[in-house]
There are 2 protein chains.
Amino acid sequence: MVFADLLRNRRRDRLTADDLDALEMTVSDIRSLPARRTMIARNDPVRMSTYLIEGFMCRYMDDRQGARQLVAVHVAGDFVDLHGFPLGHLDHDLATLTPCKVALVPHSALDNLMVTRPHLAKLLWFSTLLDAAMHREWIFRLGRLDAIARVSHFFCEIEAKLRAVGQSDGAHFQLPMTQADLGEACGITPVHMNRMLRELKDRGLMEISRNHIYIKDPIGLAQLGEFDPSYLFLDARN
Amino acid sequence: MVFADLLRNRRRDRLTADDLDALEMTVSDIRSLPARRTMIARNDPVRMSTYLIEGFMCRYMDDRQGARQLVAVHVAGDFVDLHGFPLGHLDHDLATLTPCKVALVPHSALDNLMVTRPHLAKLLWFSTLLDAAMHREWIFRLGRLDAIARVSHFFCEIEAKLRAVGQSDGAHFQLPMTQADLGEACGITPVHMNRMLRELKDRGLMEISRNHIYIKDPIGLAQLGEFDPSYLFLDARN
DNA sequence: CGCTGTCTTGAGGACGGTCAATGTTCGTGG
DNA sequence: CCACGAACATTGACCGTCCTCAAGACAGCG
(Lines give C-alpha, C1' and ligand atoms only; values in the text may rest on other atoms or scores of the structure.)
Protein backbone atom coordinates (compact mmCIF):
# COMPACT_ATOMS: atom_id res chain seq x y z
CA MET A 1 0.00 0.00 0.00
CA VAL A 2 1.90 2.97 -1.30
CA PHE A 3 -0.31 5.66 0.20
CA ALA A 4 -0.72 4.13 3.64
CA ASP A 5 0.48 7.31 5.35
CA LEU A 6 -1.20 9.85 3.08
CA LEU A 7 -3.19 12.29 5.23
CA ARG A 8 -2.91 9.77 8.03
CA ASN A 9 -4.51 11.24 11.12
CA ARG A 10 -5.57 14.28 9.10
CA ARG A 11 -8.55 13.57 6.89
CA ARG A 12 -7.76 10.04 6.12
CA ASP A 13 -11.34 9.12 6.85
CA ARG A 14 -12.51 11.11 3.89
CA LEU A 15 -10.44 9.05 1.51
CA THR A 16 -12.66 6.22 0.31
CA ALA A 17 -11.23 2.82 -0.56
CA ASP A 18 -12.14 3.60 -4.16
CA ASP A 19 -10.24 6.87 -4.04
CA LEU A 20 -7.19 5.12 -2.71
CA ASP A 21 -7.35 2.46 -5.38
CA ALA A 22 -7.61 5.10 -8.06
CA LEU A 23 -4.66 6.91 -6.57
CA GLU A 24 -2.56 3.76 -6.44
CA MET A 25 -3.22 3.28 -10.13
CA THR A 26 -1.59 6.61 -10.92
CA VAL A 27 1.83 5.55 -9.64
CA SER A 28 4.16 5.09 -12.56
CA ASP A 29 7.28 4.22 -10.63
CA ILE A 30 8.65 3.55 -7.18
CA ARG A 31 12.19 4.62 -6.67
CA SER A 32 14.95 4.59 -4.07
CA LEU A 33 16.90 7.79 -3.74
CA PRO A 34 20.29 8.33 -2.09
CA ALA A 35 20.74 10.63 0.88
CA ARG A 36 21.67 14.29 0.56
CA ARG A 37 20.92 14.66 -3.08
CA THR A 38 19.09 17.52 -4.79
CA MET A 39 16.39 15.81 -6.81
CA ILE A 40 14.66 18.74 -8.45
CA ALA A 41 16.18 22.14 -9.00
CA ARG A 42 14.35 25.42 -9.01
CA ASN A 43 12.63 26.16 -12.32
CA ASP A 44 12.98 22.63 -13.68
CA PRO A 45 9.75 21.88 -15.47
CA VAL A 46 8.05 18.97 -13.71
CA ARG A 47 5.83 16.31 -15.26
CA MET A 48 5.41 14.12 -12.21
CA SER A 49 5.00 14.57 -8.51
CA THR A 50 6.81 12.80 -5.71
CA TYR A 51 5.09 11.03 -2.86
CA LEU A 52 7.42 10.22 0.03
CA ILE A 53 6.94 6.66 1.25
CA GLU A 54 9.95 6.46 3.50
CA GLY A 55 12.74 8.78 4.60
CA PHE A 56 13.16 12.52 5.01
CA MET A 57 13.29 15.24 2.37
CA CYS A 58 13.49 19.01 2.48
CA ARG A 59 12.80 21.98 0.29
CA TYR A 60 15.10 24.97 0.29
CA MET A 61 16.09 28.21 -1.38
CA ASP A 62 19.53 29.77 -1.67
CA ASP A 63 20.50 33.36 -1.08
CA ARG A 64 23.04 35.12 -3.23
CA GLN A 65 26.01 33.81 -1.24
CA GLY A 66 24.65 30.30 -1.49
CA ALA A 67 23.41 30.06 2.08
CA ARG A 68 20.35 27.88 2.35
CA GLN A 69 16.99 28.60 3.83
CA LEU A 70 14.84 25.53 4.34
CA VAL A 71 11.18 26.16 3.59
CA ALA A 72 9.88 22.70 4.47
CA VAL A 73 10.92 19.39 5.96
CA HIS A 74 9.02 16.35 4.72
CA VAL A 75 8.35 12.99 6.32
CA ALA A 76 6.72 9.77 5.17
CA GLY A 77 3.19 10.37 3.93
CA ASP A 78 3.91 13.78 2.43
CA PHE A 79 3.10 14.46 -1.20
CA VAL A 80 6.28 16.46 -1.44
CA ASP A 81 5.92 18.38 -4.68
CA LEU A 82 2.29 17.94 -5.50
CA HIS A 83 2.12 21.69 -5.89
CA GLY A 84 4.23 21.22 -9.00
CA PHE A 85 1.12 19.81 -10.66
CA PRO A 86 -0.91 23.02 -10.86
CA LEU A 87 2.19 25.22 -10.90
CA GLY A 88 4.14 23.49 -13.67
CA HIS A 89 7.53 24.07 -12.10
CA LEU A 90 9.01 24.56 -8.67
CA ASP A 91 10.20 27.86 -7.29
CA HIS A 92 12.70 26.12 -4.98
CA ASP A 93 14.97 23.07 -4.78
CA LEU A 94 13.93 19.68 -3.49
CA ALA A 95 16.45 17.38 -1.83
CA THR A 96 16.67 14.20 0.19
CA LEU A 97 18.03 14.23 3.73
CA THR A 98 18.19 10.44 4.14
CA PRO A 99 17.92 7.63 1.62
CA CYS A 100 14.30 7.74 0.51
CA LYS A 101 11.69 5.59 -1.10
CA VAL A 102 9.30 7.58 -3.26
CA ALA A 103 6.39 6.96 -5.58
CA LEU A 104 6.21 8.99 -8.78
CA VAL A 105 2.86 10.12 -10.10
CA PRO A 106 2.63 11.54 -13.63
CA HIS A 107 0.70 14.76 -13.89
CA SER A 108 -1.30 13.37 -16.77
CA ALA A 109 -2.76 10.81 -14.37
CA LEU A 110 -3.61 13.58 -11.93
CA ASP A 111 -5.37 15.45 -14.72
CA ASN A 112 -7.53 12.39 -15.13
CA LEU A 113 -8.27 12.30 -11.43
CA MET A 114 -9.37 15.92 -11.56
CA VAL A 115 -12.07 14.87 -14.02
CA THR A 116 -13.05 11.49 -12.67
CA ARG A 117 -12.63 12.02 -8.93
CA PRO A 118 -13.29 15.60 -7.90
CA HIS A 119 -13.63 14.56 -4.29
CA LEU A 120 -10.18 13.01 -4.27
CA ALA A 121 -8.85 16.03 -6.14
CA LYS A 122 -10.14 18.26 -3.39
CA LEU A 123 -8.29 16.17 -0.81
CA LEU A 124 -5.09 16.47 -2.81
CA TRP A 125 -5.66 20.20 -2.99
CA PHE A 126 -6.16 20.11 0.77
CA SER A 127 -2.83 18.40 1.22
CA THR A 128 -0.99 21.13 -0.69
CA LEU A 129 -2.73 23.70 1.49
CA LEU A 130 -1.51 21.94 4.61
CA ASP A 131 1.97 22.77 3.40
CA ALA A 132 0.89 26.36 2.90
CA ALA A 133 -0.40 26.45 6.48
CA MET A 134 2.98 25.22 7.66
CA HIS A 135 4.67 27.88 5.57
CA ARG A 136 2.62 30.49 7.39
CA GLU A 137 3.67 29.08 10.71
CA TRP A 138 7.29 29.25 9.60
CA ILE A 139 6.79 32.90 8.69
CA PHE A 140 5.42 33.50 12.15
CA ARG A 141 8.31 31.63 13.72
CA LEU A 142 10.95 33.58 11.84
CA GLY A 143 9.22 36.91 12.14
CA ARG A 144 8.15 36.91 15.75
CA LEU A 145 10.12 34.40 17.81
CA ASP A 146 13.64 34.63 19.13
CA ALA A 147 16.17 31.88 18.56
CA ILE A 148 15.33 29.64 21.50
CA ALA A 149 11.62 29.80 20.74
CA ARG A 150 12.16 29.15 17.05
CA VAL A 151 14.05 25.99 17.80
CA SER A 152 11.42 24.84 20.28
CA HIS A 153 8.68 25.52 17.79
CA PHE A 154 10.48 23.65 15.06
CA PHE A 155 10.89 20.52 17.16
CA CYS A 156 7.27 20.65 18.28
CA GLU A 157 6.15 20.75 14.67
CA ILE A 158 8.37 17.90 13.55
CA GLU A 159 7.33 15.83 16.53
CA ALA A 160 3.64 16.36 15.76
CA LYS A 161 4.14 15.44 12.11
CA LEU A 162 6.06 12.30 12.97
CA ARG A 163 3.57 11.30 15.62
CA ALA A 164 0.78 11.50 13.06
CA VAL A 165 2.51 8.83 10.99
CA GLY A 166 3.58 6.70 13.94
CA GLN A 167 7.23 7.69 14.03
CA SER A 168 7.20 9.42 17.39
CA ASP A 169 5.79 8.32 20.71
CA GLY A 170 5.81 11.87 22.01
CA ALA A 171 9.01 11.46 23.97
CA HIS A 172 11.47 10.21 21.39
CA PHE A 173 11.96 10.19 17.64
CA GLN A 174 14.69 10.23 15.06
CA LEU A 175 15.51 13.24 12.98
CA PRO A 176 18.38 13.02 10.48
CA MET A 177 19.39 16.67 10.50
CA THR A 178 22.71 18.21 11.48
CA GLN A 179 22.85 21.31 13.60
CA ALA A 180 23.67 23.23 10.44
CA ASP A 181 20.47 21.90 8.82
CA LEU A 182 18.47 22.87 11.86
CA GLY A 183 19.96 26.33 11.68
CA GLU A 184 18.94 26.62 8.04
CA ALA A 185 15.39 25.77 9.04
CA CYS A 186 15.26 28.26 11.90
CA GLY A 187 17.17 31.13 10.34
CA ILE A 188 20.09 31.03 12.76
CA THR A 189 23.75 30.08 12.44
CA PRO A 190 25.01 26.59 13.29
CA VAL A 191 27.01 28.03 16.17
CA HIS A 192 24.00 29.63 17.71
CA MET A 193 21.89 26.53 17.08
CA ASN A 194 24.42 24.61 19.13
CA ARG A 195 24.05 27.04 22.02
CA MET A 196 20.26 26.93 21.84
CA LEU A 197 20.24 23.13 21.91
CA ARG A 198 22.38 23.26 24.98
CA GLU A 199 20.08 25.72 26.62
CA LEU A 200 17.06 23.53 25.87
CA LYS A 201 18.90 20.67 27.51
CA ASP A 202 19.93 22.80 30.50
CA ARG A 203 16.33 23.88 30.93
CA GLY A 204 15.23 20.25 30.96
CA LEU A 205 13.02 20.63 27.90
CA MET A 206 14.66 18.33 25.36
CA GLU A 207 17.91 16.65 24.43
CA ILE A 208 19.46 15.77 21.14
CA SER A 209 22.14 13.19 20.56
CA ARG A 210 23.20 12.32 17.05
CA ASN A 211 19.90 12.03 15.29
CA HIS A 212 17.86 11.15 18.30
CA ILE A 213 15.55 13.67 19.86
CA TYR A 214 14.30 13.21 23.40
CA ILE A 215 11.45 15.46 24.45
CA LYS A 216 11.67 15.80 28.21
CA ASP A 217 8.94 18.34 28.77
CA PRO A 218 6.56 18.60 25.81
CA ILE A 219 4.33 21.17 27.48
CA GLY A 220 7.20 23.41 28.46
CA LEU A 221 8.69 23.11 25.00
CA ALA A 222 5.41 24.00 23.30
CA GLN A 223 4.95 26.94 25.62
CA LEU A 224 8.41 28.28 24.98
CA GLY A 225 7.91 27.88 21.22
CA GLU A 226 4.38 29.31 21.32
CA PHE A 227 3.37 26.14 19.56
CA ASP A 228 -0.29 25.40 18.86
CA PRO A 229 -0.72 22.41 16.54
CA SER A 230 -4.10 23.45 15.17
CA TYR A 231 -2.53 24.58 11.90
CA LEU A 232 -1.57 20.97 11.23
CA PHE A 233 -5.25 20.02 10.92
CA LEU A 234 -4.70 16.82 12.86
CA ASP A 235 -7.63 14.65 13.82
CA ALA A 236 -9.01 15.39 17.24
CA ARG A 237 -8.09 12.00 18.62
CA ASN A 238 -4.47 12.56 17.80
CA MET B 1 -17.07 41.82 -14.56
CA VAL B 2 -16.27 40.71 -11.05
CA PHE B 3 -13.23 38.59 -11.88
CA ALA B 4 -11.57 40.99 -14.28
CA ASP B 5 -8.31 40.91 -12.32
CA LEU B 6 -8.29 37.21 -11.40
CA LEU B 7 -4.95 35.73 -12.45
CA ARG B 8 -4.45 38.77 -14.61
CA ASN B 9 -1.04 38.56 -16.19
CA ARG B 10 -0.55 35.14 -14.66
CA ARG B 11 -2.42 32.41 -16.47
CA ARG B 12 -5.37 34.45 -17.46
CA ASP B 13 -5.11 33.05 -20.95
CA ARG B 14 -6.02 29.63 -19.67
CA LEU B 15 -9.30 30.89 -18.28
CA THR B 16 -11.89 30.38 -21.01
CA ALA B 17 -14.83 32.73 -21.39
CA ASP B 18 -17.02 29.81 -20.35
CA ASP B 19 -14.97 29.29 -17.20
CA LEU B 20 -15.30 32.93 -16.31
CA ASP B 21 -19.04 32.89 -16.85
CA ALA B 22 -19.36 29.84 -14.64
CA LEU B 23 -17.28 31.53 -11.99
CA GLU B 24 -19.35 34.71 -12.10
CA MET B 25 -22.42 32.58 -11.49
CA THR B 26 -21.02 31.37 -8.20
CA VAL B 27 -20.97 34.83 -6.63
CA SER B 28 -23.66 35.04 -3.99
CA ASP B 29 -22.97 38.54 -2.80
CA ILE B 30 -20.87 41.61 -3.40
CA ARG B 31 -20.06 43.58 -0.32
CA SER B 32 -18.30 46.73 0.79
CA LEU B 33 -16.11 46.39 3.86
CA PRO B 34 -14.75 49.14 6.12
CA ALA B 35 -11.04 49.71 6.57
CA ARG B 36 -9.01 48.12 9.34
CA ARG B 37 -11.50 45.49 10.31
CA THR B 38 -10.82 41.85 11.06
CA MET B 39 -13.26 39.97 8.85
CA ILE B 40 -12.49 36.38 9.69
CA ALA B 41 -10.83 35.19 12.86
CA ARG B 42 -8.59 32.20 13.21
CA ASN B 43 -10.52 28.93 13.52
CA ASP B 44 -13.84 30.39 12.42
CA PRO B 45 -15.45 27.78 10.23
CA VAL B 46 -15.85 29.23 6.74
CA ARG B 47 -18.59 28.46 4.23
CA MET B 48 -17.66 31.01 1.60
CA SER B 49 -14.52 32.47 0.15
CA THR B 50 -13.65 36.09 -0.45
CA TYR B 51 -12.51 37.46 -3.77
CA LEU B 52 -10.98 40.93 -3.50
CA ILE B 53 -12.30 43.24 -6.19
CA GLU B 54 -10.96 46.49 -4.85
CA GLY B 55 -8.81 47.57 -1.91
CA PHE B 56 -6.14 45.99 0.24
CA MET B 57 -6.41 43.18 2.76
CA CYS B 58 -3.92 41.28 4.85
CA ARG B 59 -3.62 38.02 6.72
CA TYR B 60 -1.85 37.84 10.05
CA MET B 61 -1.11 35.80 13.14
CA ASP B 62 -0.56 37.00 16.69
CA ASP B 63 2.11 35.95 19.12
CA ARG B 64 1.43 35.48 22.81
CA GLN B 65 1.89 39.16 23.61
CA GLY B 66 -0.46 40.10 20.81
CA ALA B 67 2.19 41.33 18.41
CA ARG B 68 1.19 40.70 14.82
CA GLN B 69 3.04 38.91 12.10
CA LEU B 70 1.61 39.50 8.65
CA VAL B 71 1.72 36.41 6.47
CA ALA B 72 0.25 37.95 3.31
CA VAL B 73 -0.82 41.25 1.79
CA HIS B 74 -3.58 41.05 -0.78
CA VAL B 75 -4.49 43.33 -3.67
CA ALA B 76 -7.31 43.46 -6.19
CA GLY B 77 -7.61 40.20 -8.09
CA ASP B 78 -6.61 37.98 -5.19
CA PHE B 79 -8.88 35.18 -4.09
CA VAL B 80 -8.00 35.98 -0.52
CA ASP B 81 -9.22 32.97 1.42
CA LEU B 82 -9.87 30.45 -1.28
CA HIS B 83 -7.72 28.05 0.73
CA GLY B 84 -10.55 28.02 3.25
CA PHE B 85 -12.51 25.94 0.74
CA PRO B 86 -10.45 22.75 0.99
CA LEU B 87 -9.29 23.50 4.52
CA GLY B 88 -12.66 24.26 6.11
CA HIS B 89 -11.34 26.93 8.43
CA LEU B 90 -8.51 29.42 8.54
CA ASP B 91 -5.41 29.09 10.67
CA HIS B 92 -4.97 32.88 10.80
CA ASP B 93 -6.93 36.12 10.84
CA LEU B 94 -8.05 38.03 7.79
CA ALA B 95 -8.44 41.80 7.86
CA THR B 96 -8.98 44.78 5.61
CA LEU B 97 -6.37 47.50 5.34
CA THR B 98 -8.50 49.91 3.31
CA PRO B 99 -12.20 49.97 2.56
CA CYS B 100 -12.71 46.98 0.27
CA LYS B 101 -15.13 45.65 -2.27
CA VAL B 102 -15.33 41.87 -2.23
CA ALA B 103 -17.29 39.10 -3.91
CA LEU B 104 -18.41 36.19 -1.77
CA VAL B 105 -18.44 32.72 -3.24
CA PRO B 106 -20.20 29.92 -1.35
CA HIS B 107 -18.17 26.75 -1.02
CA SER B 108 -21.13 24.72 -2.22
CA ALA B 109 -20.84 26.47 -5.57
CA LEU B 110 -17.15 25.68 -5.66
CA ASP B 111 -17.93 22.04 -4.98
CA ASN B 112 -20.06 22.11 -8.09
CA LEU B 113 -17.26 23.65 -10.10
CA MET B 114 -14.94 20.87 -8.96
CA VAL B 115 -17.28 18.42 -10.65
CA THR B 116 -18.36 20.36 -13.70
CA ARG B 117 -15.22 22.32 -14.49
CA PRO B 118 -12.07 20.47 -13.48
CA HIS B 119 -9.97 22.73 -15.64
CA LEU B 120 -11.20 25.81 -13.84
CA ALA B 121 -10.77 24.01 -10.53
CA LYS B 122 -7.13 23.40 -11.36
CA LEU B 123 -6.65 27.10 -12.03
CA LEU B 124 -8.23 27.94 -8.69
CA TRP B 125 -5.91 25.41 -7.07
CA PHE B 126 -3.08 27.13 -8.90
CA SER B 127 -4.08 30.47 -7.45
CA THR B 128 -3.91 29.12 -3.89
CA LEU B 129 -0.46 27.74 -4.66
CA LEU B 130 0.69 31.14 -5.82
CA ASP B 131 0.04 32.27 -2.29
CA ALA B 132 2.06 29.33 -1.03
CA ALA B 133 4.93 30.34 -3.30
CA MET B 134 4.79 33.82 -1.81
CA HIS B 135 4.79 32.33 1.67
CA ARG B 136 8.00 30.52 0.80
CA GLU B 137 9.55 33.73 -0.38
CA TRP B 138 8.54 35.38 2.87
CA ILE B 139 10.24 32.56 4.77
CA PHE B 140 13.36 33.17 2.75
CA ARG B 141 13.13 36.89 3.38
CA LEU B 142 12.78 36.52 7.12
CA GLY B 143 15.28 33.72 7.45
CA ARG B 144 18.11 34.95 5.28
CA LEU B 145 17.92 38.69 4.69
CA ASP B 146 18.83 41.53 7.00
CA ALA B 147 16.43 44.38 7.70
CA ILE B 148 17.28 46.64 4.77
CA ALA B 149 17.08 43.74 2.31
CA ARG B 150 13.79 42.50 3.77
CA VAL B 151 12.21 45.88 3.24
CA SER B 152 13.55 46.12 -0.30
CA HIS B 153 12.28 42.67 -1.11
CA PHE B 154 8.87 43.42 0.29
CA PHE B 155 8.42 46.53 -1.81
CA CYS B 156 9.63 44.72 -4.92
CA GLU B 157 7.03 42.03 -4.38
CA ILE B 158 4.18 44.45 -3.78
CA GLU B 159 5.18 46.51 -6.78
CA ALA B 160 5.21 43.43 -9.02
CA LYS B 161 1.81 42.32 -7.76
CA LEU B 162 0.30 45.76 -8.27
CA ARG B 163 1.85 46.11 -11.69
CA ALA B 164 0.23 42.84 -12.76
CA VAL B 165 -3.19 44.34 -12.08
CA GLY B 166 -2.39 47.75 -13.50
CA GLN B 167 -1.95 49.62 -10.22
CA SER B 168 1.72 50.42 -10.59
CA ASP B 169 3.64 51.88 -13.49
CA GLY B 170 6.91 50.60 -12.08
CA ALA B 171 7.91 53.94 -10.59
CA HIS B 172 4.96 54.85 -8.41
CA PHE B 173 2.07 53.20 -6.63
CA GLN B 174 -0.09 53.57 -3.57
CA LEU B 175 0.22 51.31 -0.56
CA PRO B 176 -2.02 51.95 2.45
CA MET B 177 0.26 50.59 5.14
CA THR B 178 1.76 52.39 8.10
CA GLN B 179 5.37 51.89 9.07
CA ALA B 180 4.13 49.68 11.88
CA ASP B 181 2.27 47.51 9.35
CA LEU B 182 5.35 47.28 7.19
CA GLY B 183 7.34 46.24 10.22
CA GLU B 184 4.83 43.50 10.96
CA ALA B 185 5.30 42.21 7.44
CA CYS B 186 9.08 42.26 7.58
CA GLY B 187 9.61 41.08 11.13
CA ILE B 188 11.18 44.29 12.40
CA THR B 189 10.06 46.99 14.81
CA PRO B 190 8.38 50.18 13.60
CA VAL B 191 11.34 52.18 14.81
CA HIS B 192 13.77 50.17 12.78
CA MET B 193 11.45 50.22 9.77
CA ASN B 194 11.58 53.99 9.93
CA ARG B 195 15.36 53.94 9.84
CA MET B 196 15.44 51.47 6.96
CA LEU B 197 13.05 53.60 4.92
CA ARG B 198 15.30 56.55 5.47
CA GLU B 199 18.32 54.58 4.41
CA LEU B 200 16.56 53.45 1.23
CA LYS B 201 15.82 57.08 0.50
CA ASP B 202 19.39 58.14 1.28
CA ARG B 203 20.68 55.46 -1.04
CA GLY B 204 18.46 56.77 -3.82
CA LEU B 205 16.52 53.52 -4.15
CA MET B 206 13.00 54.51 -3.15
CA GLU B 207 10.96 57.01 -1.22
CA ILE B 208 7.77 56.78 0.74
CA SER B 209 5.46 59.60 1.64
CA ARG B 210 2.16 58.90 3.29
CA ASN B 211 0.86 56.01 1.27
CA HIS B 212 2.74 56.80 -1.89
CA ILE B 213 5.74 54.74 -2.90
CA TYR B 214 8.22 56.06 -5.42
CA ILE B 215 10.68 53.55 -6.79
CA LYS B 216 13.73 55.50 -7.86
CA ASP B 217 16.01 52.62 -8.79
CA PRO B 218 14.09 49.38 -9.37
CA ILE B 219 17.18 47.42 -10.34
CA GLY B 220 19.16 48.53 -7.33
CA LEU B 221 16.23 47.83 -5.06
CA ALA B 222 15.75 44.32 -6.46
CA GLN B 223 19.44 43.62 -6.12
CA LEU B 224 19.56 44.77 -2.53
CA GLY B 225 16.49 42.67 -1.72
CA GLU B 226 17.73 39.66 -3.70
CA PHE B 227 14.41 39.83 -5.47
CA ASP B 228 13.69 37.53 -8.39
CA PRO B 229 10.01 37.68 -9.44
CA SER B 230 9.89 34.20 -10.95
CA TYR B 231 8.02 32.85 -7.93
CA LEU B 232 5.10 35.12 -8.87
CA PHE B 233 4.54 33.11 -12.06
CA LEU B 234 3.90 36.24 -14.05
CA ASP B 235 3.42 36.07 -17.79
CA ALA B 236 6.60 36.60 -19.73
CA ARG B 237 5.36 39.78 -21.37
CA ASN B 238 4.88 41.40 -17.99
C1' DC C 1 -7.56 74.21 17.92
C1' DG C 2 -6.51 70.28 20.35
C1' DC C 3 -6.55 65.25 20.12
C1' DT C 4 -4.84 61.05 18.25
C1' DG C 5 -2.26 58.28 15.44
C1' DT C 6 1.89 58.23 12.96
C1' DC C 7 6.51 59.41 12.19
C1' DT C 8 11.19 60.68 13.72
C1' DT C 9 15.33 60.69 16.38
C1' DG C 10 18.62 59.50 20.19
C1' DA C 11 20.91 56.63 23.72
C1' DG C 12 21.91 52.32 25.58
C1' DG C 13 21.77 47.38 25.67
C1' DA C 14 20.91 42.52 24.28
C1' DC C 15 20.70 38.96 21.04
C1' DG C 16 22.73 36.59 17.71
C1' DG C 17 26.59 36.69 14.14
C1' DT C 18 31.49 36.10 13.01
C1' DC C 19 35.87 34.22 13.46
C1' DA C 20 38.76 30.90 15.16
C1' DA C 21 40.38 27.08 17.72
C1' DT C 22 39.52 22.58 19.65
C1' DG C 23 37.00 18.32 20.48
C1' DT C 24 34.36 14.39 18.95
C1' DT C 25 32.62 10.80 16.03
C1' DC C 26 32.77 7.77 12.39
C1' DG C 27 34.04 5.74 8.04
C1' DT C 28 37.98 4.20 5.33
C1' DG C 29 42.01 2.02 4.37
C1' DG C 30 46.54 0.48 5.73
C1' DC D 1 43.25 -3.10 15.07
C1' DC D 2 44.95 1.30 14.51
C1' DA D 3 45.78 5.68 11.86
C1' DC D 4 43.95 9.09 9.35
C1' DG D 5 40.77 12.39 7.47
C1' DA D 6 36.34 14.47 6.98
C1' DA D 7 32.25 16.01 8.80
C1' DC D 8 30.08 17.54 12.69
C1' DA D 9 29.84 19.53 17.36
C1' DT D 10 31.50 22.64 20.95
C1' DT D 11 33.36 26.65 23.08
C1' DG D 12 35.21 31.45 23.69
C1' DA D 13 35.95 36.33 22.52
C1' DC D 14 34.40 40.09 20.13
C1' DC D 15 31.28 42.87 17.56
C1' DG D 16 27.29 44.65 14.85
C1' DT D 17 22.49 44.74 13.98
C1' DC D 18 18.41 45.50 15.74
C1' DC D 19 15.46 46.16 19.96
C1' DT D 20 13.88 48.91 23.83
C1' DC D 21 12.68 52.92 25.99
C1' DA D 22 11.68 57.54 25.69
C1' DA D 23 10.85 62.07 24.02
C1' DG D 24 9.37 65.08 20.58
C1' DA D 25 7.56 66.49 15.85
C1' DC D 26 4.10 66.21 12.51
C1' DA D 27 -0.35 65.61 10.16
C1' DG D 28 -5.17 64.76 9.74
C1' DC D 29 -9.58 65.19 11.64
C1' DG D 30 -13.23 66.26 14.61
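A polar contact here is a pair of N or O atoms within 3.5 Å. With that in hand, here are some close-ups of this predicted model.

**View 1. Gln179(A) meets the backbone of DNA strand D.** A polar side-chain atom of Gln179(A) sits 2.6 Å from a phosphate oxygen of DNA strand D, so the pair falls inside the 3.5 Å limit for a polar contact. Chain B joins in too: a backbone N or O atom of Ala147(B) is 2.7 Å from a phosphate oxygen of this strand, and a polar side-chain atom of Thr189(B) is 3.1 Å from a phosphate oxygen of DNA strand D.

**View 2. The protein surface around DNA strand D.** You will find 14 residues surrounding this strand, and Gln179(A), Asn194(A), Arg198(A), Ala147(B) and His192(B) are the closest. Helix 7 of chain A and helix 7 of chain B each contribute at least two residues to this surface, with the largest share, four residues, coming from helix 7 of chain A. Sorted by class, the surface holds four nonpolar, six polar and four charged residues. On the DNA side, sugar or phosphate makes up 72% of the strand D atoms within 4 Å of the protein, and bases make up the rest.

**View 3. DNA strand C and its neighbours.** Around DNA strand C there are 14 residues, the closest being Asp146(A), Ala147(A), Gln179(B), Asn194(B) and Arg198(B). Of the strand C atoms that come within 4 Å of the protein, 75% are accounted for by sugar and phosphate. Helix 7 (190-202) of each of chains A and B supplies at least two residues of the nearby surface, and helix 7 of chain B gives the most, with four.

**View 4. Chain A reaches both phosphate and base on DNA strand C.** A polar backbone atom of Ala147(A) lies 2.7 Å from a phosphate oxygen of DNA strand C. The side chain of Thr189(A) places an N or O atom 3.1 Å from a phosphate oxygen of this strand. Look to Arg195(A) for a base: one of its polar side-chain atoms is 3.0 Å from a base oxygen of DNA strand C.

**View 5. Helix 5 of chain B, enclosed by the structure.** This helix covers residues 147-164, and its end C-alpha atoms are 26 Å apart, in agreement with the 26 Å expected for 18 residues. Because 17 of those 18 residues are buried, the helix is largely enclosed by the rest of the structure. After helix 5 of chain B comes Gly166(B), with a positive phi near 75 degrees.

**View 6. Two protein copies related by rotation.** Turning chain B by 180 degrees, with 0.0 Å of shift along the axis, superposes it on chain A with an RMSD of 0.0 Å. The two copies are therefore related as by a two-fold rotation axis.

Conventions
Residues are numbered from 1 along each chain as its sequence is written. Chains are lettered from A and ligands numbered from 1 in the order in which they are written. This is a predicted model: local features need pLDDT of at least 70, side-chain atom pairs count only at pLDDT 80 or more; totals for chains, interfaces and linings use all residues. Side-chain values use heavy atoms; hydrogens and water are left out. Copies are superposed by least squares on the C-alpha atoms of residues with pLDDT of at least 70 in both. The expected span of a helix is 1.5 Å times one less than its number of residues. Buried means under 20% relative accessible area, exposed over 50%, partly exposed in between (1.4 Å probe, protein chains only). A residue is near a molecule or strand if one of its heavy atoms lies within 4 Å of it. A polar contact is a pair of N or O atoms within 3.5 Å; within protein, one must be able to donate a hydrogen and the other to accept it, and residues adjacent in sequence count only if both atoms are side-chain atoms. Ala, Val, Leu, Ile, Met, Phe, Trp, Tyr, Cys and Pro count as nonpolar, Asp, Glu, Lys and Arg as charged, and the others, Gly among them, as polar.
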